[in-house]
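Grab a pencil and work through these exercises with the structure open beside you. Try each task yourself before you read its solution.

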Amino acid sequence: MMVGIVGIAVPIYANLLGASPLLVGIIGSAGGLIYSFMPLISGILCDRMGRKSFISLSLFSYGASCLLYSLVQEPLMFILIKILEWVSVAAFWPAVESLIADSAFERLEDALKKFNISWGSAMVIGPLLGGILISELSITSPFLFSMLIAFFFGALSILIVQEPGKVLKTRNRSEESLKIKSESNGSIVTILATIFLFSSIVGILTSLFPSYATDLGIPAFEIGIITFAFGATRAVTFYQATRIEAWMKKHGMFLVGSLTLGLASLITFYSNNASLFLVSFLIFGFGAGISYAASITSVLKWRKSSRGYAAGVFESLIGVGYFLGPLIGGFLSEFAGNVPYLYGLFLSLVVLIIQWRGKHRASSD
């Protein structure tokens with residue numbers, strides 16, 4: 001929820017302080033740059049040191065970043081604070097994902113479904129709440145609200161979070177190595193391409209769209225509604241993920257996800273009002289949700305004996321997309337505010353081709 005609140009507030013605040021579209025993109029990509037390698041480091045460390053300490057410390061440091069955001073007067077300062085914010089996020093996600101996976105035993109899909117619904121629902125609330133706070137109170141109120149929430153749950157996590165025993169260390173490692181080799185020959189390229197696609201597009205949406213919509217004269221509350229639609233559709237998709245997989249299989253989820261992300265990018269490119277953006281963001285939510293659900297289960301099955309490492313790989317790959325998406329999108333925005341979504345369409349088509357070739361290669365193997 002806090003990431004959703006802060007995510008909509010930062011680009012709007014930067015825009016109000018006079019930041020250019022390129023600088024707004026750089027601010028977003030700064031977090032993505034950190035997130036392209038820090039989750040892997042955090043995942044490896046939390047395998048050795050435990051999950052709980054990473055969860056608690058990350059919440060306190062996230063609260064500190066929110067406090068600093070509320071004090072900003074120069075747009076360039078957002079870059080440094082964005083780094084601190086995403087160091088905190090990078091410590092949090094691999095620890096939480098590996099803790100969920102460790103607790104799930106053989107019911108990984110069911111556990112991840114609940115997990116995705118949990119954070120997906122919070123991300124529905126976050127942008128809407130951020131838009132309301134900006135419209136009704138002030139531009140700094142989302143940061144102060146998030147700071148209080150982060151500090152509260154940081155203290156609460158110390159008292160409540162428990163780690164399961166290390167019951168997965170007895171896995172036969174040679175069996176796991178064969179699985180890794182099989183995955184490498186078949187679907188790893190498809191998984192990597194899919195993660196890069198949905199994270200790049202989501203990075204563009206979260207970092208650039210609020211500023212772009214503001215320039216089109218769309219109020220902050222309506223921007224919150226549009227991003228709310230994205231989160232709501234993604235959460236519903238998470239809820240139906242097991243049924244979707246039973247219907248179209250895992251590889252079908254990858255293909256449909258890329259196709260819908262490309263369609264939504266095309267609609268956004270031609271849109272200039274809140275109604276059309278609402279339609280495109282509903283489609284974005286489905287595409288991102290189905291791609292994320294298919295990718296995370298595939299990655300966490302990859303290394304069962306070191307969930308933190310697997311989660312770190314997954315999140316670091318997301319970070320690469322969060323870095324390059326806003327960076328490339330911010331550069332393209334210098335030509336026109338809607339050009340980044342043309343890039344999203346092109347990227348979707350490229351990944352769709354990779355997935356299609358991967359499907360035929362797997363079939364021939």
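## Warm-up: the whole chain

The protein chain has 14 helices and 0 strands. Keep in mind that you're looking at a predicted model.

**Exercise 1.** Work out which pattern the protein chain follows along the sequence, and what share of its residues count as buried.

*Solution.*
- Step 1: Read along the sequence and write one α per helix; you get α-α-α-α-α-α-α-α-α-α-α-α-α-α.
- Step 2: Now turn to burial: of the 365 residues of the protein chain, 55% count as buried.
- Step 3: Look at the contacts too. Take those between residues at least 6 apart in sequence, and 85% of them join residues at least 24 apart.

## Helix pairs

**Exercise 2.** Decide whether helices α1 and α7 are roughly parallel or roughly antiparallel to each other, and find the residues that make the contact.

*Solution.*
- Step 1: Locate the two helices: α1 covers residues 2-16 and α7 covers residues 141-160.
- Step 2: Check the geometry. Their axes come within 9 Å and cross at roughly 155°.
- Step 3: Angles over 145 degrees count as roughly antiparallel, so α1 and α7 are roughly antiparallel to each other.
- Step 4: Look at the handedness: this crossing of α1 and α7 is left-handed.
- Step 5: List who touches whom. From α1 come M2, I5, V6, A9, V10 and Y13, while α7 brings P142, F143, F145, S146, I149 and A150.
- Step 6: Sort the contact of α1 with α7 by class, and you end up with 11 nonpolar residues, 1 polar and no charged ones.

**Exercise 3.** Do the same for α9 and α11: what is the angle at which they pack, and which residues make the contact?

*Solution.*
- Step 1: Find α9 at residues 188-215 and α11 at residues 241-269.
- Step 2: The two helices pack at an angle of about 30°, and their axes are 11 Å apart.
- Step 3: An angle under 35 degrees counts as roughly parallel, which makes α9 roughly parallel to α11.
- Step 4: The crossing of α9 and α11 is left-handed.
- Step 5: On the α9 side, the contact uses T190, I191, T194, L197, F198 and I201; on the α11 side, it uses H251, F254, S258, L261 and S265.
- Step 6: By class, that contact of α9 with α11 has 6 nonpolar and 5 polar residues, with no charged ones.

## Single residues

**Exercise 4.** Is S211 buried or exposed, and which residues does S211 touch?

*Solution.*
- Step 1: Place S211 first: this residue lies in helix α9.
- Step 2: Buried means under 20% relative accessible area. S211 has 6%, so S211 is buried.
- Step 3: Leave out residues up to four places away in sequence, and S211 touches P11, N15 and V24.
- Step 4: Now compare chain and space. S211 and P21 are 190 residues apart along the chain, yet their C-alpha atoms are separated by 7.6 Å.

**Exercise 5.** Where is N116, and is N116 buried or exposed?

*Solution.*
- Step 1: Look in helix α6, residues 108-136; that's where N116 is.
- Step 2: Its relative accessibility is 4%, so N116 counts as buried.
- Step 3: Skipping residues up to four places away in sequence, N116 touches S121, F238, Y292, A293 and I296.

**Exercise 6.** Are C46 and C66 buried or exposed, and how many disulfides does the structure hold?

*Solution.*
- Step 1: C46 has a relative accessible area of 1%, so C46 is buried.
- Step 2: C66 comes out at 0% relative accessibility, so C66 counts as buried too.
- Step 3: As for disulfides, the structure holds 0.

Methods: Residues numbered from 1 in each chain as written. Predicted model: local features only at pLDDT ≥ 70, side-chain atom pairs only at ≥ 80, totals over all residues. Heavy atoms only, no water. Axes fitted to C-alpha atoms, helices over the stretch in contact; angles between N-to-C directions. Helix = DSSP H or I, 4+ residues; strand = E, 2+ residues; numbered from the N terminus. Parallel < 35°, antiparallel > 145°, perpendicular 65-115°, else oblique. Left-handed = near helix turned anticlockwise from the far one by under 90°. Contact = heavy atoms within 4.5 Å. Nonpolar A, V, L, I, M, F, W, Y, C, P; charged D, E, K, R; others polar. Buried < 20%, exposed > 50% of the residue type's maximum accessible area, 1.4 Å probe, protein only. Disulfide = S-S within 2.5 Å.
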